[in-house]
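Got the model open in your viewer? Here's a walk through it, one selection at a time.

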Amino acid sequence: MRLLLQWTAITPILAWALFFTGLVYDSSIFQIIASVLLIGSVMSAVHHSEVIAHRVGEPYGTIILAVAITVIEVSIIISLMVAGGDEAASLARDTIFSATMLILNGIVGLCLFLGGLKFREQIFTKHSATIALVSLIAIVILTLVFPTFTTSVQGPYYSTPQLVFVSIACLVIYSFFLLAQTRRHREYFLTEEGTDDAHAIVVSGKKLIASLVFLLLSLGIVVLLAKTLSPTIEKIVIGYNLPKTLVGVIIAAVILLPEGIAAINAAKKNKLQTSLNLALGSALASIGLTIPCVSIVSTLYDMNIILGLDIKSMILLGLSVFTVMLSLASGRTNIVYGAVLLVNLAAFIFLIIHP
């Protein structure tokens with residue numbers, strides 16, 4: 001009963017109630033309320049993911065959080081693709097690219113910057129970062145770069161056989177990353193602090209089941225509210241004469257907000273390893289799981305999806321990946337690395353508004 005009186009339970013229930021009333025379609029006031037409840041439901045989903053994570057231990061905790069965020073992202077992308085038809089052909093690419101840039105430059109950059117500001121220098125296991133970055137680079141190039149240069153289909157598209165191959169490749173790479181993270185090289189992704197914390201909080205069976213239920217409720221309403229509010233977001237963006245691509249950035253930012261907060265809090269507690277597990281694991285899940293799902297939907301609905309980036313975006317993506325690689329190469333970080341990554345993020349957003 002106490003759990004039902006907490007904000008993590010009340011928020012998604014209120015969001016579901018508002019959605020079923022239909023008022024969110026008719027009033028700007030209720031759309032603002034729905035936006036607040038959407039963010040609250042995302043935070044609730046992350047909270048319940050963390051409760052479940054405490055029960056299963058690390059590094060499974062960060063995996064659950066990353067997969068929960070990716071489920072939200074995939075569900076929103078697919079629902080908007082189905083509703084938008086051919087007009088949403090580039091939505092998956094824009095959202096995935098935006099999420100990757102926000103994670104690599106925004107979340108990692110803020111973690112390195114704030115951690116360096118507070119502790120001067122932070123230490124992590126460089127082997128974990130290397131495994132994650134090697135996997136990420138392969139997936140990024142296969143999904144966002146190669147489609148621009150293939151010749152089977154004109155334009156930045158993959159043919160159906162190519163899409164099937166890339167989807168399988170993403171799943172294989174992400175599966176082996178999870179194998180390394182959870183079994184064969186689990187020690188790379190652990191810290192003493194993370195291990196102690198995982199055993200310090202006891203989660204009962206009833207609380208675990210309740211968190212599973214409210215996690216599903218939170219994820220479901222986030223998808224529905226995001227789909228409902230997306231036309232309003234698009235109108236606002238177009239109303240200010242801003243590029244439509246910015247909608248993908250906004251959606252990605254909303255989805256990544258709770259995970260970003262969790263990663264930054266960990267960095268401020270001098271647990272940079274946990275921050276990197278969250279950030280890099282989420283980037284891998286974001287692409288590695290989204291592309292196969294989007295490919296299935298595009299095949300079922302006979303839709304062409306644009307995956308290839310333009311040259312400017314490729315350069316920005318390459319700069320971001322290269323900077324993160326150099327920043328995490330030594331196993332030690334400082335404030336300079338974070339500052340450079342945040343400048344990269346500013347350049348990404350600025351060049352969307354002023355291409």
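Start by selecting Asn270. Because its relative accessible area is 37%, Asn270 is partly exposed. You'll find Asn270 in the loop between α9 (245–268) and α10 (272–300). Now check the backbone: the phi of Asn270 is near 65 degrees, a positive value in a residue other than glycine. Most residues other than glycine have a negative phi. Keep in mind as you go that this is a predicted model.

Next, jump to Arg120. Its setting is also a loop, the one between α4 (91–119) and β1 (122–123). Arg120 has a phi near 70 degrees, again positive in a residue other than glycine. Is Arg120 buried or exposed? Arg120 counts as exposed because its relative accessibility is 71%, and the cut-off for that label is over 50%.

Now go inside. Which residues have the most contacts inside the largest nonpolar core? Select Ile76, Met81, Leu136, Leu317, Leu328 and Phe348: they hold that place in a core of 97 residues. Colour α4 as well, since the largest share of this core, 13 residues, comes from that helix.

Stay on Phe348 for a moment and show its surroundings. Leaving aside residues up to four places away in sequence, Phe348 touches Phe97, Ser98, Met101, Val249 and Leu316.

Time for the empty spaces. How many cavities of 30 Å³ or more does the structure hold? There are two. Head for the second largest, with a volume of about 40 Å³. To see its lining, select these residues:

- Ser128, Ala129 and Ala132, which are among the lining residues
- Phe177 and Phe189, also part of the lining
- Gln273, Leu276, Asn277, Leu280 and Gly281, which complete the lining

Which helix gives the largest share of that lining? Colour α10: five residues of the lining come from there. Both α10 and α5 (126–145) supply at least two residues each. By character, the lining of this second largest cavity divides into six nonpolar residues, four polar and no charged.

Two residue pairs come next, so get your distance tool ready. Pick Thr232, placed in helix α8 (residues 205–239). With a relative accessible area of 23%, Thr232 is partly exposed. Draw a line from Thr232 to Ser28: they are 204 residues apart in sequence, and the C-alpha to C-alpha distance is 9.2 Å.

For the other pair, pick Leu257, which sits in helix α9. Leu257 is partly exposed because its relative accessible area is 35%. Run a line from Leu257 to Thr125 and you get 25 Å from C-alpha to C-alpha, with their positions 132 residues apart in sequence.

Last stop: colour the chain by pLDDT. The chain averages 86, and 95% of the residues score at least 70. Where are the extremes among the elements of the chain? Helix α12 (residues 335–353) has the highest mean pLDDT, 95, while helix α7 (residues 192–200) has the lowest, 48. Zoom in on residues 194–199, where the pLDDT is below 50. Beyond near neighbours in sequence, this stretch has seven contacts in the model.

Note on methods:
Residues numbered from 1 in each chain as written. Predicted model: local features only at pLDDT ≥ 70, side-chain atom pairs only at ≥ 80, totals over all residues. Heavy atoms only, no water. Helix = DSSP H or I, 4+ residues; strand = E, 2+ residues; numbered from the N terminus. Buried < 20%, exposed > 50% of the residue type's maximum accessible area, 1.4 Å probe, protein only. Core = buried A, V, L, I, M, F, W, Y, C linked by side-chain atoms within 4.5 Å. Contact = heavy atoms within 4.5 Å. 1 Å grid on protein atoms, 1.4 Å probe; cavity = no way out; pocket = protein on both sides within 12 Å on 5 of 7 lines; lining within 4 Å. Points joined across faces, edges and corners; volume = space filled by probe spheres on them. Nonpolar A, V, L, I, M, F, W, Y, C, P; charged D, E, K, R; others polar. pLDDT = per-residue confidence, 0-100.
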